[in-house]
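I am opening a fresh page to go through the two chains one at a time, with their overall form before their interior.

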Amino acid sequence: MANEETGLMKYEAVIGLEVHAQMRTDTKIFCGCSTLFGSEPNSQTCPVCIGMPGVLPVLNKKALGFAIRTGLATDCTISPYSRFARKNYFYPDLPKGYQISQYELPICEHGQIEILVDGQAGKIGITRIHMEEDAGKNIHEGTGDFSFVDLNRAGVPLMEIVSEPDLRSPQEAVAYMKKLRTILIYLGVCDGNMEQGSLRCDANISVRPVGRQEFGVKVEIKNLNSFRFVEKALEYEIKRQRKVIEEGGKIIQETRLWDSGSGVTESMRGKEEAHDYRYFPEPDLVPMTVDPAWINEIQSSLPELPDAKRERFVSEYGLPEADADLLTSEKPLSEWFEDAVKTGGGPKTVANWIMGDLMKLLNAENKTIEECPLQPHQLVDMLKLVENGTISGKIAKTVFEEIFRTGKNAGAIIQEQGLVQISDAGEIEKIVDEIIANHAKEAERFKAGEEKLMGFFVGQVMKLTKGKANPQVVNELLKKNLLS
Amino acid sequence: MKISMEEIEHIAVLARLSLSGEEKEVFGLQLSSILDYIEKLNELDTSDTEPTSHVLLLNNIVRDDIPRDSLPREEALKNAPAHTDKFYRVPKIIE
């Protein structure tokens, strides 16, 4: 709970999110046009999705299945009777003059998901999940005195997932949205790509003095298409509303738009009157009474979800909670980890390599784990070479990077670059003695009790052997020969 | 059932119609008489009747998620009052 303290009065925020998730179908929700992103403008439309007279929409079965799948994964009740509704408004990106959505009888209701904020777990209620069609895209820049419209996106299937007003801070709102994204990707119902608009949200927010039961007047913020914007816009809005109240003003129920450029929310007042949607049951589509057998089939096809997987990673592999949380935050990452463990890698060692060197390399090249050129078995092969003493742990980092860059196996890289660890005591002793002879002063000081110079000597040996000397042998020999 | 002048004006805005004072009067009267006519249904006792949203005895009509050919772009655009070679063209939308 984030309390906003001002003078004697403490305020808290009350936030609910409406998340729009594009469903991963091949075709639109009510026609057979492709949903492929980034195609030529207006190349993926037909009489149904551009609203020609006399056509009839037909529901995409996969979209319905995806909505049910999402409902089941979030503890929702699947409605035994559900139907579509028309939401009427005029905008150039809406060819029919109405959006086909759901109103009174959404497909899923009364669910919840768990979020973790600062180690604290909490349940966030889901009011409803409904299906609807997306609108087209308006283009305002470089279009002179006109605006241009691309209707490829019109009719693309969306789920709107509406949360209860259970969120109390921008951080909780972000944690909720991240969790929802993870679940949707695990389920395979949405690709979660926020840059392409596959996941975006509107936020309802009000503030109230701590301890008061009634909600304050809420404001809706639109246009939040990144986690950062969600956090920034909510932080800004909390401050703005608190200031209005403290100065004796009143919050007006309105829609505001987040402007990421200036970092403020701006009122969309004046357009409010048009927001009288005159919903009514969609006459062109028949109601849905989902067969319980189909619901059971979908239920039994649900994958292991992130919470369950995180708990299993802790119990089965003995990973710390934080490691398990990070590794299960993305499904492909958790699969990469398990592949490596199944081919013989030690769980904690593999986890450390993923969270350290692998993440660093992936981030540096802006790659996802799915694009990772280094395969799990290649890491495991390399770890075996560390275990049997062929290479040192330090050299392993270099080898790891080489595997990442070239795709070659550890063995080949070690051969080519002569990185095999020197463990031969005789060979190392020669080097050790040479270094002691060259640093007589330091050797004297060490003998006199200045033990921290050990690090200096180890460093010198590693420098001379390019890091290939077996550190254990080096340590033993240095100690022995320095003190003799 | 009389519709107020404000309601007529609100509906006109929603429908993007600009009406003269005279038209508002005429349409107001016409809409009122239509509503009066529909009001007759309230004379029936429907307390035991399920609301009907569809008259067809059909549920669950769906199609498989298989792509079909879309319209060629020229075909799609040619019905619009204004277009460029790639886009529909509309008056500037003030954001």
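In what order do the elements of chain B run from the N terminus on? I looked this up in what is a predicted model, and I read the order as α-α-β-α-β, which fits the count of three helices and two strands in chain B. I then took the radius of gyration of chain B, which is 22 Å and well over the 12 Å that the globule rule gives for 95 residues, so I noted chain B as more spread out than a compact globule. Along the principal axes, the C-alpha atoms of chain B fill a box of roughly 55 × 45 × 25 Å.

Next I asked how much of chain B is buried, and I found that buried residues make up 20% of its 95 residues. The accessible surface of chain B comes to about 7,700 Å², and 57% of that belongs to carbon and sulfur atoms. Of the contacts in chain B between residues at least 6 apart in sequence, 26% join residues at least 24 apart. For the charges, I noted 11 positive and 19 negative ones in chain B, with mean positions 13 Å apart.

I turned to chain A, where I counted 15 helices and 16 strands. The radius of gyration of chain A is 30 Å, well over the 23 Å from the globule rule for 484 residues, so chain A too goes down as more spread out than a compact globule. Its C-alpha trace spans about 95 × 60 × 50 Å along the principal axes. Buried residues make up 50% of the 484 residues in chain A, and about 22,600 Å² is exposed, with carbon and sulfur atoms supplying 50% of it. Chain A carries 57 positive and 72 negative side chains, and I find the centres of the two sets 2 Å apart.

Which residues have the most contacts inside the largest nonpolar core? That core has 75 residues, and I listed A:L17, A:I68, A:M131, A:Y176, A:M177 and A:L184 in answer. The largest share of this core, ten residues, comes from helix α2 (residues 170-187) of chain A. I followed A:Y176 further and, leaving aside residues up to four places away in sequence, found that it touches A:L17, A:V19, A:I113, A:I115, A:I124, A:I126, A:I161, A:S163 and A:L167. Apart from the largest core lies another, of 37 residues, and I marked A:L358, A:A396, A:F404 and A:A410 as being among them.

Technical notes: Residues numbered from 1 in each chain as written. Chains lettered and ligands numbered in written order. Predicted model: local features only at pLDDT ≥ 70, side-chain atom pairs only at ≥ 80, totals over all residues. Heavy atoms only, no water. Core = buried A, V, L, I, M, F, W, Y, C linked by side-chain atoms within 4.5 Å. Buried < 20%, exposed > 50% of the residue type's maximum accessible area, 1.4 Å probe, protein only. Helix = DSSP H or I, 4+ residues; strand = E, 2+ residues; numbered from the N terminus. Contact = heavy atoms within 4.5 Å. Rg over C-alpha atoms; globule rule 2.2 N^0.38 Å. Areas by Shrake-Rupley, 256 points an atom, 1.4 Å probe, with all protein chains shown as cover. Lys, Arg positive; Asp, Glu negative; His and termini not counted. Charge placed at Lys NZ, Arg CZ, Asp CG, Glu CD.
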